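The following exercises concern the predicted model shown below. Each task is followed by a solution in steps.

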Amino acid sequence: MEVREKLQWASTRVTTLQEDIAYSLFGIFGVHLPVIYGEKRQNALGRLLQEIIAHSGDITALDWVGQSSSFNSFLPADISSYKAPSYMPPSLSEDEMQISISTLRNTTVLESASKLYSTLENISVPRFANARLQLPCIAFALTEVKRRPDQDEARCFTYDIKAEGLRDLQIATEEKLAQFSPEKRTPQTFLLVRPWNRYDLGLINFADETQRVEDWPEPGSPSDDKLGGHLGHNDPATRELRLIVRLRQPFFALLLAQQWGGEYKRIASDSNIIAQVNGVASVDMMNVRMLDIL
């Protein structure tokens, strides 16, 4: 089981002592941390999730819906926030991938794809320590936030969102957001981000025991072209275009608000935020950043 699957499995657990909801999972995740009864549930769960992300680099633990933790806003306040299955983007068959790549080869995207691939290949992995997360991501700046009318007394608010390079979307959250537009700006920066996962580069995971050396395609072989994405087993242009095709698919996004010190906090939503880039032209708008998260 992967990290997110284990968290979903544990999401319905009930314990007598609130801290035990985290302590009882130490063995399942191979984590060794001090047991501190009296620290409260959010802190215990926060320390567990921090350790998991810090040692594995697995960002699927950030995929949850509910209330943010006081430990760090990118973590949930309660394990039950993992009850819903992790978001799975639409799958592309290899034939669909090849068709998309062939259409991209005749565009001006090649140079941008090469630069983006190089940037993402060299960006650092997530770092999590002392309740602060450094998150590699692709960031899209919000240009307009407008609350739906007649919601002044609502518990949850629905907003129409516009962001550079993304299709328009709606977000539901219990927080009251500052409303702004290009004509009426706000001094606070808001972002929609795609947390970066190195697996999207299509590199071989040498730590994955299911990927046997004898199964890797020979350079230049037909299977090499089909499996393209393994570094060194096909031409760089194909690898880079495969990445662009994947980045054009819908993705699980996170809404962030900048704080006074330059760090960001996550604004929790009542449902998954699913975003999608506008098209090939949006490649140049993909701002790769390493953000400090409180």
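**Exercise 1.** Determine which residues of helix α1 (residues 3-10) are buried, how they are arranged about the helix axis, and what they pack against.

*Solution.* Step 1: apply the cut-off for burial, under 20% relative accessible area. In α1, the residues V3, R4, L7 and A10 are buried. Step 2: view α1 down its axis; the buried residues fall within an arc of 125°, so they line one face of the helix. Step 3: identify the partners of these buried residues, which pack against α3 (26-29) and α4 (41-56).

**Exercise 2.** Describe the environment of T173: is this residue buried or exposed, and which residues is T173 in contact with beyond its neighbours within four places in sequence?

*Solution.* Step 1: locate T173, which lies in strand β4 (residues 169-173). Step 2: assess accessibility. The relative accessible area of T173 is 1%, and because burial requires a value under 20%, T173 is buried. Step 3: list the contacts. With neighbours within four places in sequence left aside, T173 is in contact with C156, F157, Y159, I267, A268, S269 and D270. For I267, 94 residues apart from T173 along the chain, the separation of the C-alpha atoms is 7.7 Å. Step 4: examine the side chain. A polar atom of the T173 side chain lies 3.2 Å from the backbone nitrogen of E175.

**Exercise 3.** Which members of the largest nonpolar core touch the most other members, and which residues does a second, separate core include?

*Solution.* Step 1: the largest nonpolar core has 42 residues, of which L120, L142 and L192 touch the most other members. Step 2: a second, separate core has 41 residues, among them A61, Y264, L291 and I293.

Conventions
Residues are numbered from 1 along each chain as its sequence is written. This is a predicted model: local features need pLDDT of at least 70, side-chain atom pairs count only at pLDDT 80 or more; totals for chains, interfaces and linings use all residues. Side-chain values use heavy atoms; hydrogens and water are left out. Buried means under 20% relative accessible area, exposed over 50%, partly exposed in between (1.4 Å probe, protein chains only). Helices (H or I, at least four residues) and strands (E, at least two) are DSSP runs, numbered from the N terminus. The arc is that of the directions from the helix axis to the C-beta atoms. Contact means heavy atoms within 4.5 Å. A polar contact is a pair of N or O atoms within 3.5 Å; within protein, one must be able to donate a hydrogen and the other to accept it, and residues adjacent in sequence count only if both atoms are side-chain atoms. A nonpolar core is a set of buried Ala, Val, Leu, Ile, Met, Phe, Trp, Tyr and Cys residues joined through side-chain atoms within 4.5 Å.
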